[in-house]
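This report looks at the surroundings of a ligand and then at one buried charged residue. Please have the sequence and the model at hand while reading.

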Amino acid sequence: MLRTATATLRAPLRSSAAAPLRVRALHSTLPRLTATPPTTDAGAYKNILVSAAGNGVTLITLNRPKALNALNSELFTELNEATAAADEDPSVGAIVITGSEKAFAAGADIKEMRNKEFAEAYKGNFLGHWTKISQIRKPIIAAVSGYALGGGCELAMMCDIILAAPNANFGQPEINLGVIPGAGGSQRLTHALGKSLSMEIVLTGKNVTADDAERHGLISRVVREGDVVEEAIKVGATIAKKGQVAVQAAKEAVNASFELPLAEGLRFERRLFQALFATKDQKEGMGAFAEKRKAKFTNE
Ligand SMILES: CCC/C=C/C(=O)SCCNC(=O)CCNC(=O)[C@H](O)C(C)(C)COP(=O)([O-])OP(=O)([O-])OC[C@H]1O[C@@H](n2cnc3c(N)ncnc32)[C@H](O)[C@@H]1OP(=O)([O-])[O-]
C-alpha cells in the first residue's frame, strides 16, 4: 500500500535549511488525470514524506533536514518501498523525488558507515538495495535544490530526468573520505559528462553548479528559483497523461542505450516499437490524430 503524507504540500515556505520545497496547488492548472485524492498517513515513514501531487504524480520528499538528507539505510529502504508502491499503483504515472532547499541529499550517511568493516559490507551486500530505484518502471524525476553530493548525486542520476534549482550543486566528494563513489558515480556521471570532467569531479572532489551541470548534460535544465518541484510535477503530469505502455517502453528503450551496443539497441528499440502496435493506445493515438481529436489513452 502506498503510504502517504500531505505535510510537505501544506507546509509554508520557510527560510531555514530544513524547509521542504514549496509546491503550489496544481490541481487547478493541470488537466485532471486521476480522481485519487491525496491520502494522509503522516508519520508512516520516518525519513521521507510521500504525497499524491495530483494528475497522476507521486511526490516523495527526503526528510532528514538535520542531516541534510544524508541517505542512511532506513531512508533508502523507505524510498524503495514508496517508489515500489507508486510503481504498482495504476493511478500513478510518474514519481518526483525531491529534498529541501538546502540539500537534495548530502550523500550516504557518513556517520552510519564510518565504522564498517570489509567483511560485513561485502557479506551484507552494503548498498546493494540502492539499485532498486533503477528498476522502477515508471518515470522518476529528480527535483534538485542545494547539495546533491556523493550518494545524493548518484540518487539524482538514478532518476530519469533531473531538474535543478539555480542553487543546486552536484559532486562526488567521496575521495575526500578515502573512498570512491559506490552507487554509480563513476559510471553514470561518466556516461553523462564524459571522461575528463568526470575524472576531475571524482578525483578532486570538486562540485559543479546547476548551470555547469546543464551545460554539460548532467541535468535537463535549471528551473527558476522556488519552482523546481512544481516544474517537476508538471513534467510528471505531462508524462502521466500519455499512454502508459508506451511510456514504459520508451523508458526501457532509452535506458537500453546505456547498456547495449548500438546495433543491439536499435534492434531492441525497433522490436518495442513493433510490439506497441498490439496496444489499444496505439490505435487510439494514431486514430485520434487522423480524426483530428485528442487521444484518450486507456493504458492498454
Ligand atoms: C552510496 C555509495 C557511496 C556514497 C558515498 C557518499 O555519499 S559519502 C558522502 C559524500 N558527501 C559528503 O562528503 C558531503 C558531506 N557533507 C558536507 O561536506 C557538508 O555537510 C556540506 C558542505 C554539504 C554542508 O555544510 P554545512 O556547513 O552547510 O552543514 P554541516 O556540515 O554543518 O551539516 C549539517 C549536519 O548534517 C550532517 N551531514 C551532512 N552531510 C552528511 C552526510 N553525508 N552524512 C552524515 N551526516 C551529514 C552534518 O554532520 C551536520 O550534522 P551535525 O554535526 O549538526 O549533527
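## The shell around the ligand

A residue counts as near a molecule if one of its heavy atoms lies within 4 Å of it. The model described here is predicted. In it, 24 residues surround the ligand. The closest are Lys 102, Ala 106, Ala 108, Lys 111 and Gly 151.

By residue type, the shell around the ligand holds 14 nonpolar, four polar and six charged residues. At least two shell residues come from each of α3 (110-113), β6 (147-149) and α5 (151-158). Helix α3 gives the most, with three residues.

## Polar contacts and cover

Which side chain has an N or O atom 2.8 Å from an oxygen atom of the ligand? That side chain belongs to Lys 111. The backbone takes part as well: an N or O atom in the backbone of Ile 110 is 3.0 Å from a nitrogen atom of the ligand, and a polar backbone atom of Lys 66 is 3.3 Å from a ligand oxygen atom.

On its own, the ligand has 1,000 Å² of accessible area, and the protein covers 65% of this.

## A buried charge in α12

Asp 281 is part of helix α12, which spans residues 280-290. Asp 281 is buried but has no salt bridge. Lys 280 has the nearest side chain of opposite charge, 8.8 Å away, whereas a salt bridge requires a distance within 4 Å.

What does lie close to a polar atom of the Asp 281 side chain, at 2.9 Å, is the backbone nitrogen of Thr 298.

Definitions and conventions:
Residues are numbered from 1 along each chain as its sequence is written. This is a predicted model: local features need pLDDT of at least 70, side-chain atom pairs count only at pLDDT 80 or more; totals for chains, interfaces and linings use all residues. Side-chain values use heavy atoms; hydrogens and water are left out. A polar contact is a pair of N or O atoms within 3.5 Å; within protein, one must be able to donate a hydrogen and the other to accept it, and residues adjacent in sequence count only if both atoms are side-chain atoms. Accessible areas come from the Shrake-Rupley method with a 1.4 Å probe; for residues, only the protein chains shown count as cover. Helices (H or I, at least four residues) and strands (E, at least two) are DSSP runs, numbered from the N terminus. Ala, Val, Leu, Ile, Met, Phe, Trp, Tyr, Cys and Pro count as nonpolar, Asp, Glu, Lys and Arg as charged, and the others, Gly among them, as polar. Buried means under 20% relative accessible area, exposed over 50%, partly exposed in between (1.4 Å probe, protein chains only). Lys and Arg count as positive and Asp and Glu as negative; His and the chain ends are not counted.
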